[in-house]
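The questions below work through selected features of one protein model, with each answer reasoned from the coordinates.

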Amino acid sequence: MNQSLIHELGLRQSQMMTRRSLFGSSAAGLGAMALGKLLASEANPHAAASGDPIQANLASGLPHFAPKAKRVIYLFQSGGPSHIDLFDHKDELEQLHGTDLPDSVRGGQRLTGMTSRQSQFPVVKPLWGGKRCGQHGTWVGNLLPHLQEITDDISIVRSMWTEAINHDPAVTYINTGSQQMGHASMGAWLSYGLGSENEDFPAYMVLLSQGSGKNPGQPLFSRLWGSGYLPSSHQGVMLRPGANPVLYLKNPDGVSRDSRRELLNTLGRMNQMHSEATGDPETLARIEAYEMAYRMQTSVPELTDVSDEPESTFELYGEDARRPGSYAANCLQARRMAERGVRFIQLFHRGWDQHISIRNQLPRQCKDVDQASAALVQDLKRLGMLDDTLVIWGGEFGRTVYSQGQLENPSSGRDHHGRCFTTWMAGGGVKAGFDYGTTDEFSYNIVENPVHIRDLNATVLNLLGIDHERFTFKFRGLSQRLTGVEEAHVIRDLIA
């Protein structure tokens with residue numbers, strides 16, 4: 001074998017060894033950094049976590065520009081609230097009531113299996129009245145009397161749209177940027193990119209409640225607040241009502257806090273050795289998860305104990321705020337989380353799927369959320385936190401203007417509708433007392449300023465100082481984004 005060939009093979013081997021060494025040493029270094037940081041935090045519990053590179057999983061260069069919002073509270077109304085009855089009033093529907101929806105308006109739309117076999121599609125006017133509220137005369141339905149009082153503090157977007165027509169893909173789409181499973185949720189993205197403002201709490205926390213409309217509501221799966229391809233330390237942590245808000249957080253009988261600390265130190269050293277040997281990034285996530293659980297043993301009980309709240313709090317949020325697990329109680333918990341620096345707080349409230357008995361179900365469902373949603377905005381404003389806290393209220397799609405079932409039948413309802421629906425936002429850099437987007441006289445198609453769910457997510461990221469096109473994570477050879485691979489636009493007109 002000639003010398004030049006031997007030299008070339010040796011060079012290739014050297015390059016390969018260098019690459020392996022690089023990966024191994026990098027993983028070991030990160031493991032040591034993570035463990036050292038966490039053990040140091042235990043030694044000095046008052047050390048600030050804000051801006052820490054481990055908290056942000058080394059997502060560098062964020063925020064891209066000065067943010068208007070520091071945190072998000074997302075009040076997700078699972079099931080599809082009826083925009084026609086609550087937000088998108090059209091005078092013409094009074095005259096069109098009972099007439100068949102023209103084919104030209106429906107435009108060959110793909111329908112769900114619930115109404116695709118109907119021979120007629122009779123238009124149903126808003127079943128409850130409403131009124132124009134605030135300085136700008138914003139129309140809000142009478143089922144939301146408390147929201148009517150805060151219209152000067154919110155932006156209402158009536159031109160949201162999505163391609164999804166069934167619940168699971170639609171909820172997955174708006175929360176992760178894709179109708180397919182396996183992608184990271186918005187909260188996980190923000191945990192990964194911005195980290196937490198408080199080392200004693202996860203950056204992303206989740207609360208669930210069941211409404212009194214459709215009961216039980218559509219099922220919700222933990223992947224909706226999952227981390228997907230991002231490190232698992234960024235998945236949402238769900239708080240349950242009752243004595244054990246986080247499963248397996250308490251020490252077992254006979255295990256003291258000091259002995260738990262000693263166990264975690266030993267386990268941390270073992271995980272560090274595993275990280276050095278394998279370079280597995282999930283080992284770092286495991287170390288962080290154990291340490292977070294240890295800190296949450298004291299922080300979570302303090303968070304969930306509302307005995308320190310004055311009576312005026314329960315007058316504001318409603319008596320239901322005293323009942324753990326209710327929507328009102330979760331709104332109060334969301335405010336307390338925001339005060340403690342949780343980056344992304346998401347409430348999932350089920351029961352909005354009014355296919356049947358809408359006349360009975362929708363008033364009950366609205367009563368669940370109306371006072372507490374308005375109270376949250378008012379409370380944040382009172383505390384001086386609304387300016388840098390973005391509140392979002394909305395579901396995965398809206399409801400049809402036509403009746404599902406026979407017109408005027410008490411058991412009739414409205415089907416899914418993705419071509420237009422309504423979302424409102426408050427604080428965090430969005431305009432106050434602002435209406436955006438217009439639909440046609442049937443509240444069926446958008447005629448001005450459409451906002452795709454990707455545009456909404458791009459706008460949320462922008463308010464947090466993030467350029468959605470530059471915020472990526474490499475997975476399977478692709479630069480994954482919360483806004484997906486298709487075009488998305490920041491809605492500049494919504495930003496104050």
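## Strands, helices, cores and charge pairs

Q: How many of the seven residues of strand 9 (residues 398–404) are buried?
A: This is a predicted model, and its burial values are computed from the coordinates. Strand 9 is largely enclosed by the rest of the structure, because the number of its seven residues that are buried is seven.

Q: Which residue in strand 10 stands opposite G398?
A: Strand 9 and strand 10 (residues 413–417) run antiparallel and are joined by four bridges. Within strand 10, the residue standing opposite G398 is H417.

Q: Which part of the structure holds K381, the salt-bridge partner of D153?
A: The closest N and O atoms of D153 and K381 are 2.9 Å apart, and the two residues form a salt bridge. D153 lies in the loop between helix 5 (145–148) and strand 4 (154–161), so the pair ties together parts that are 228 residues apart in sequence. D153 is buried at a relative accessible area of 18%, whereas K381 is partly exposed at 48%. The element that holds K381 is helix 12 (residues 358–382).

Q: On which residue is the kink in helix 12 centred?
A: The 25 residues of helix 12 should span 36 Å at 1.5 Å a residue, and the end C-alpha atoms are 35 Å apart, which agrees. Helix 12 nevertheless has a kink of about 30 degrees, and it is followed by G384, whose phi is positive, near 75 degrees. The residue on which the kink is centred is K367.

Q: How far apart in sequence are the parts tied together by K125 and E94?
A: The structure holds 24 salt bridges, and one of them joins the side chains of K125 and E94 at 3.6 Å, N to O. K125 lies in the loop between helix 4 (103–106) and strand 2 (130–133), while E94 belongs to helix 3 (residues 92–96), so the parts that this pair ties together are separated in sequence by 31 residues.

Q: Is R340, which forms a salt bridge with E339, buried or partly exposed?
A: The closest N and O atoms of R340 and E339 are 3.9 Å apart. Salt bridges that share partners place both residues in one network with E302, D308, E309, R335, R336, D379 and R382. E339 counts as partly exposed at 38% relative accessibility. Buried means under 20%, and R340, at 15% relative accessibility, counts as buried.

Q: Which residues outside its own stretch of sequence does N330 touch?
A: N330 is found in helix 11 (residues 327–339), and at 4% relative accessibility it counts as buried. Leaving aside residues up to four places away in sequence, N330 touches L207, L208, S209, G325 and L347.

Q: How many residues are in the second, separate core?
A: The largest nonpolar core has 52 residues, of which V72, Y74, W189, L190, L230, L390 and M425 touch the most other members. L390 has contacts that include A69, V72, I73, M425, V460 and L463, not counting residues up to four places away in sequence. The second core, which includes I150, F201, L239 and I358, is separate, and its number of residues is 50.

Definitions and conventions:
Residues numbered from 1 in each chain as written. Predicted model: local features only at pLDDT ≥ 70, side-chain atom pairs only at ≥ 80, totals over all residues. Heavy atoms only, no water. Salt bridge = Lys/Arg side-chain N within 4 Å of Asp/Glu carboxyl O. Helix = DSSP H or I, 4+ residues; strand = E, 2+ residues; numbered from the N terminus. Buried < 20%, exposed > 50% of the residue type's maximum accessible area, 1.4 Å probe, protein only. Expected span 1.5 Å × (residues − 1). Bend = angle between axes of the 7 residues up to and from the residue. Pairing = 2+ DSSP bridges. Core = buried A, V, L, I, M, F, W, Y, C linked by side-chain atoms within 4.5 Å. Contact = heavy atoms within 4.5 Å.
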